[in-house]
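This report walks through the sheets, the loops and the chain contacts of one model. Keep the structure open while reading.

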Amino acid sequence: MQEAETTMLAAPPPRAGLGRFYTDLIGRRVFKFLIALHGVGAFALITFGVMLRKFSVARSVVRPLIAREISRAGVKLMPMFLFAALALGFLVIGQTVSLLTRVGAANNYLGSIMVLVVVRELGPLLTAFLVLARVGTANVVELGTARAMGEVESLEALGIDPVHYFVVPRVIGMAVGIFALTIYLILGTLGSGYLWAFVQDVPIQPGDYFNQLAGALTYMDFILLALKTVAFGFIIAIVTCYHGLAQPLQLDQISRATVRAVGQSVIACVALDALFIIAYLTI
Amino acid sequence: MSASATITTPTPALEMRGLAVASMKNPNITMAADVNWTVNPGEFWVVGAPQNSGKSDFLMTAGGIMSPAAGEFSFLGQPMPIFEESRMAHRLKLGFVFDGGQLVGSLTVAENLALPLRYHSRLSADDIEARVTELLELTELMPWANRTPANVTRSWRQRAGLARALALTPEVLLLDSPLTGLDLRHMVWWLGLLDELSRGHRILGGQPLTLVATADDLRPWRKHASHVACLHKRQFLVLGDWDAVDDSSEPAVKELLQE
């Protein structure tokens, strides 16, 4: 009995051991993060190099692939973005009107808030996440399958650079797609925002609303919006292509690679968005 | 001038010296070590090896798709592997047929055949279409031309892989286990066409093609390949002609002949 009690008392790990366990865990996580960052960074540089070196190589092959990717990451997502624009306009205006009517300022700040929330933050980020969900995940699955089925080696045997054939069209297509879809989403949201304000009996004329929007926008908004959306497209395409293509995969490893790619893309986009917030605040 | 001064030694199609072949899946594992081998233009080699002995790794290294773990080798006089854009034209004189074809899954069979032509050549769309039609007819793939690889059986995908490798008129062709999993009809067709290609086929402008094929059974190749080598337990044995194969007392060779 006494022996059992002694064992039970000895069972919990000492405080120092538990601390070591957590520091090891954090250390391993940080180390894995740095390895992933190194891999994705190297892959991005390789892709950028191929884009520059092979700019005029095999245009008849690569151009249709770019067009297909723009269609996939842009045109085909238009219906979903129409719905997203209506929902986002309702969400932002609904909350804003309910708050501002309490202080009697609903018709004075709607345009400014729409620019602040939709143009600078939610528009680009929501577009990036929706494209990641619809096209980024498909990238990992397609390229992971192509890798597992030996298509990369077969392209190399034909003297075709797999990065040029598989990655470059996806990077360009996704950058253009996210840029264009963000513009559509923002325009749709601003329009639907007014519609929802009208439905909620906010006494604001269309001219006043659009004057507020124009007054809140600066030239820097346009520049940073373009840079941010193109960067989101580049990041998502690079991270998803890296996880699908850069390492030999078995078919059963593709789902795990997809999960990793989505997680890393979200983190990278949010981190980049934070950098852009700093840019907005400092400029 | 003496007669000996006029004799020129042909540049070997492939020449390996002290080559070590690593595994594609695990580069730390050596699949073949100290390979010394010369393939002269016009020769038809079959490399016998049991399953999972590194045939594909060996052939992919020979094809310049993988870098060797050690040693050096050359292709038509130029050091391999070739990854530089400036030497790509030389690299394209080497064709490669993968086990199972390994076609691009998102393209149809005809588009797969057209891909190397569209990527590398400056041919017009009509000329590319004519060349693809010629290759489809040669390989009897016309009925499957507009299907994606997933909708074509393995035997026909293998033929499409051959047609795609021939598109750019190579001088040397490496074939990874081309007869594996084929029925008798397909096997006879393959061996017949490889004989014709070795002698010189109109699809390649009548030029004899240098061939290297891998196999896990040497028997179907007896009346077709002119030279035999064997890869067994990481050793590469250059046997020579079929008389040398018959005289060999190597258990590995006996195994590959199913004796």
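## The four-stranded sheet of chain B

In this predicted model, chain B holds an open sheet of 4 strands in the order β2-β1-β4-β5. The pairing is antiparallel. β2 (30-39) and β5 of chain B are the edge strands. Each has a single partner strand, so one side of each is left without a neighbour in the sheet.

Look next at β1 (residues 14-22) and β4 (residues 70-75) of chain B. These two strands run antiparallel and are joined by 5 bridges. Take Ala20(B) as a marker: its bridge partner in β4(B) is Ala70(B). A helix also lies here. α2(B) crosses β1, β2 and β4 of chain B, at about 130 degrees to β1(B).

## The six-stranded sheet of chain B

Chain B also has an open sheet of 6 strands, ordered β6-β7-β8-β3-β9-β10. Its pairing is mixed. The edges are β6 (94-97) and β10 (235-240) of chain B, and each of them pairs on one side only. From one strand to the next, the twist averages 15 degrees.

Both senses of pairing can be followed strand by strand. β3 (residues 44-48) and β8 (residues 210-215) of chain B pair in the parallel sense, over 5 bridges. Within this pair, Gly48(B) stands opposite Ala215(B) of β8(B).

## Helices on the six-stranded sheet

Which strands does helix α2 (residues 55-62) of chain B touch as it packs on the sheet? They are β3, β6, β7 (172-175), β8, β9 (227-232) and β10 of chain B. The direction of α2(B) makes about 160 degrees with that of β8(B). The helix that lies across strands of the four-stranded sheet is also α2(B).

Helix α7 (residues 184-199) of chain B packs on the six-stranded sheet too, touching β3, β6, β7 and β8 of chain B. The direction of α7(B) makes about 135 degrees with that of β3(B).

## A hairpin and backbone exceptions

β9(B) and β10(B) pair in the antiparallel sense over 5 bridges. His232(B) stands opposite Gln235(B) in β10(B). The two strands form a hairpin with 2 residues between them. In its turn, Lys233(B) has a positive phi of about 50 degrees.

Most residues other than glycine have a negative phi, and most peptide bonds are trans. Chain B has exceptions to note. Glu140(B) is not a glycine, yet has a positive phi of about 60 degrees. Glu140(B) sits in the loop between α5 (125-138) and α6 (154-166) of chain B. The peptide bond from Met80(B) to Pro81(B) is cis, with omega near 0 degrees. Pro81(B) belongs to the loop between β5 (78-79) and α3 (88-91) of chain B.

## Where chain A meets chain B

How many residues of each chain are in contact across the interface? Chain A supplies 22 and chain B supplies 23. The size of an interface is often given as the accessible area lost when the parts come together. Here the two chains bury about 1,800 Å² between them, with 59% of it on carbon and sulfur atoms. Glu153(A), Ala157(A) and Leu158(A) supply 27% of the area that chain A buries against chain B, more than any other three residues.

There are polar links as well. Between chain A and chain B, 10 residue pairs are in polar contact. Across the interface there is 1 salt bridge. The side chains of Lys54(A) and Glu85(B) meet in a salt bridge at 3.1 Å, N to O.

On the side of chain A that touches chain B, α3 (59-73), α6 (151-157) and α7 (162-199) of chain A each supply at least two residues. The largest share, 6 residues, comes from α6(A). By class, this side of chain A has 10 nonpolar, 6 polar and 6 charged residues.

Terms used. Residues are numbered from 1 along each chain as its sequence is written. Chains are lettered from A and ligands numbered from 1 in the order in which they are written. This is a predicted model: local features need pLDDT of at least 70, side-chain atom pairs count only at pLDDT 80 or more; totals for chains, interfaces and linings use all residues. Side-chain values use heavy atoms; hydrogens and water are left out. Contact means heavy atoms within 4.5 Å. Buried area is the accessible area (1.4 Å probe) that two parts lose on being put together, summed over both. A salt bridge is a side-chain nitrogen of Lys or Arg within 4 Å of a carboxyl oxygen of Asp or Glu. A polar contact is a pair of N or O atoms within 3.5 Å; within protein, one must be able to donate a hydrogen and the other to accept it, and residues adjacent in sequence count only if both atoms are side-chain atoms. Ala, Val, Leu, Ile, Met, Phe, Trp, Tyr, Cys and Pro count as nonpolar, Asp, Glu, Lys and Arg as charged, and the others, Gly among them, as polar. Two strands pair if DSSP finds at least two bridges between them. Axes are lines fitted to C-alpha atoms, for helices over the stretch in contact, and angles run from 0 to 180 degrees between N-to-C directions.
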